[in-house]
Amino acid sequence: MSENKQETLTSFQSITGIDDVGEAFSHLEAADWNLVEALSRVIPHEDAPLTSPHPILLPEQPVRNPVESTNGFRPPGYDEMPGTSNASAFFAAALQNQNQNLNLNQPHIQQRFPTSQLLAQLTSSINLDPASSQNNNQNVITFNIHFNQQLYQLRLPSEATVEQLKRKIFAETSVPVCRQAIRGWPPSKASDAQQLGTRLCNLDLSPENELILVDLTEDGFMDTEQDEVAQRVDKDFTIFIQFESDPPLTLSLPGRMTVQEVKMNVFDIKSIPVRHQEWTGWPNGCDNDTTLAQSGIGLSHRFAVRSTERTAPTNSNQHNAFDVVTVDSESSTDEFEDATDFNNAEYIFTDSPPAQPPNRHLIPNDTDDEISGSTQFVENYKARYGEPCPEFFVGSLENAKQLACLRSAKERKLLAIYLHHGKSILINVFCDQLMKHESIIQTFKEKFVLYGWDMTYESNKDMFLSSLTACVSSNASLTARNIKLDKLPAIMLVGKSRQLGSNCEVLSVIHGNIGLDDLLSRLIETCEMFEEQLQVEIRQEDERAARDQVKAEQDMAYQETLQADMAKDAAKRQKEAAQLAERKRMESERAEEDARRESIRLVAQQSLPQEPSEQETGTSKIRVRKPTGDFLERRFFTNNNLQDLLNFVTANGFLIEEYKLISSWPRRDLTAIESSQTLESLKLYPQETVILEER
């Protein structure tokens, strides 16, 4: 086997008649470059005769499903082949092309033999070894298809088309081609990748590529996509943004951030207004409300951003360089997208129309922001149409909406958006007559917050529509976009109530081709309808306010009672603390006093002389009667002094400072006598009884 894969591929195409290299390559790849097996996959084994000058009769074999046998690919013209067996006739035609090389015209071929023998003869000189050539692998592209939390690895030649890739994906995943949305193409080639006929070699692919397959339904993504989004919403996405002249920018953003918020971040950092940002790299199907998690980009993704502000066409010869964005009025509002405010791989934008005469517009072309545009609108409106004129709100549309709609039900008003257009033939009558009428001016002042904008220039119109989408809804923006020139100027009445949901909605659109009475009637009718819707909300607010008032009064009474109880508890605790402190003080003093008394008693006890025995002479026996009637008794020597007797009394716990010692006869207070006198001199012998009395 000296031939390489290229020879095998050439032989397979020659036998089967498949001119498409990519499709032929896919069949051989599925058969691991076994030519016999690849031919068996493409051509079912049947018993039908082969249409040939020298017919070859094949044995009868069961018919296989073409989809199964071709791995999702079918040979060109398979269904159009004549005869009872399309595959057999197709094979016969292929064999006719090979008769000369394989000597099928010889008589010995005109016999019945198995298909395997025929194929063996057809491939006897062909190299079936896929490893025999390594150079051919350089043209093979590997795709890792992520779908339903599984990975499918597919390999196709670089000459294959996107359609062939999708057919092979269908063979592996059973997702029909019409429902396949593939994400992960190189940003610069995302547009080309949407064309089924684009060859893979033209998509700037690497040898191995990671792609995400999404199964689409008529209503959008299936539940598997929703699960994937739920897993990605809390992850951080790292996006690399390349600019034309500025250094690249790297941002780390949460998955819940929307495309609009990404653009605003770029505006904050690079000062490129959103309407002038031309993005390349967003997958198809994204819009300003799409989050990064929903967009299908990887956790790390690259974009290119170009500013269109300095490249806008300046003359009529340049108009053909761009396609004008159109919106089908019958299209779903969920699919609405502001073309100049969102850019993807197929970015298209509108160029500015020829400049209007200076006296036709109220906001100059290419106004930078809403606030300056609103200020110029009011100034130019007053200068052109004079007084009296309605009181227009000056500021952004978001601030006007907050002033009108984001208030309590009693204070809430309708937001009236006046849309002006300098080309309209109705503006002079509408502004000079209707908008100057006292009843109209008074109605706007009392019932509405009036916001004005000039849609003469396309750039200003796009800025307003983008703001209207963000502040109100895409439905409101679509409504404003679809108002025809012959109906402008117009007034959009926007309101918010619980019956309308949590968001603001357009209640009515009043076109400029209307009379004064009809205009006033429409304004009043819309106000009455809106106020009727608010009545339920106002009643609920009143009931809630009454409940809150009762609750507040109850809370106040509870707080007062609580404060009184707390004051009582504090006073009680303070009194108890004082009593405890007093007890501790008294106990401390008592302890000190007991210690002092004990000290005096011990000193007195230690000072007592030794008591004489009964046999000794010159002694005196003294009995001391305590206040309780009990007696203390001790013997002393007659020459002991009175202090010794007093110490004896003290040693028994009766301090002299608290008690008096009285002799019975003559009655005298011994504690008042000089204590150094002896007992003998005091006639307190041979025995004597003395009495203790409290002082």
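Q: Hi! Which residue does Glu 278 form a salt bridge with?
A: Hello! In this predicted model, Glu 278 forms a salt bridge with Arg 306, and their closest N and O atoms are 2.1 Å apart.

Q: And where do those two sit in the chain?
A: They come from distant parts of the chain, 28 residues apart: Glu 278 is in strand β8 (residues 277-280), while Arg 306 is in strand β9 (residues 300-307).

Q: Is Glu 278 buried or exposed?
A: Glu 278 counts as buried, with 14% relative accessibility. Its partner Arg 306 is partly exposed, at a relative accessible area of 22%.

Q: Why does one count as buried and the other not?
A: Buried means under 20% relative accessible area, so Glu 278 at 14% falls in that class. Arg 306 has 22% and is therefore called partly exposed.

Q: OK, what about Arg 623, which partner does that one have?
A: Arg 623 pairs with Glu 633 in a salt bridge, with the closest N and O atoms 3.7 Å apart.

Q: Which parts does that pair tie together?
A: Arg 623 belongs to strand β14 (residues 619-625) and Glu 633 to strand β15 (residues 631-637), so the bridge ties together parts ten residues apart in sequence. Arg 623 is partly exposed at 34% relative accessibility, and Glu 633 is partly exposed at 43%.

Q: Switching to helices: what does Arg 167 bridge to?
A: Arg 167 forms a salt bridge with Glu 163, and the closest N and O atoms are 3.0 Å apart. Both residues are in helix α7 (residues 162-173), four residues apart, or about one turn of the helix.

Q: How accessible is Arg 167, and what about Glu 163?
A: Arg 167 is partly exposed, with a relative accessible area of 28%. Glu 163 is also in the partly exposed class, at 30% relative accessibility.

Q: How many salt bridges are there in the whole structure?
A: A search of the whole structure finds 19 salt bridges.

Q: Which residues are linked in a network?
A: Glu 582, Arg 585 and Glu 589 are linked in a network of salt bridges.

Q: New topic, the nonpolar core. Which residues touch the most other members of the largest one?
A: The largest nonpolar core has 58 residues, and those touching the most other members are Tyr 381, Leu 415, Ile 417, Tyr 418, Phe 464 and Ile 491.

Q: And what is in the second core?
A: That one is separate and has 20 residues, including Ile 141, Phe 143, Val 162 and Val 175.

Conventions
Residues numbered from 1 in each chain as written. Predicted model: local features only at pLDDT ≥ 70, side-chain atom pairs only at ≥ 80, totals over all residues. Heavy atoms only, no water. Core = buried A, V, L, I, M, F, W, Y, C linked by side-chain atoms within 4.5 Å. Buried < 20%, exposed > 50% of the residue type's maximum accessible area, 1.4 Å probe, protein only. Salt bridge = Lys/Arg side-chain N within 4 Å of Asp/Glu carboxyl O.
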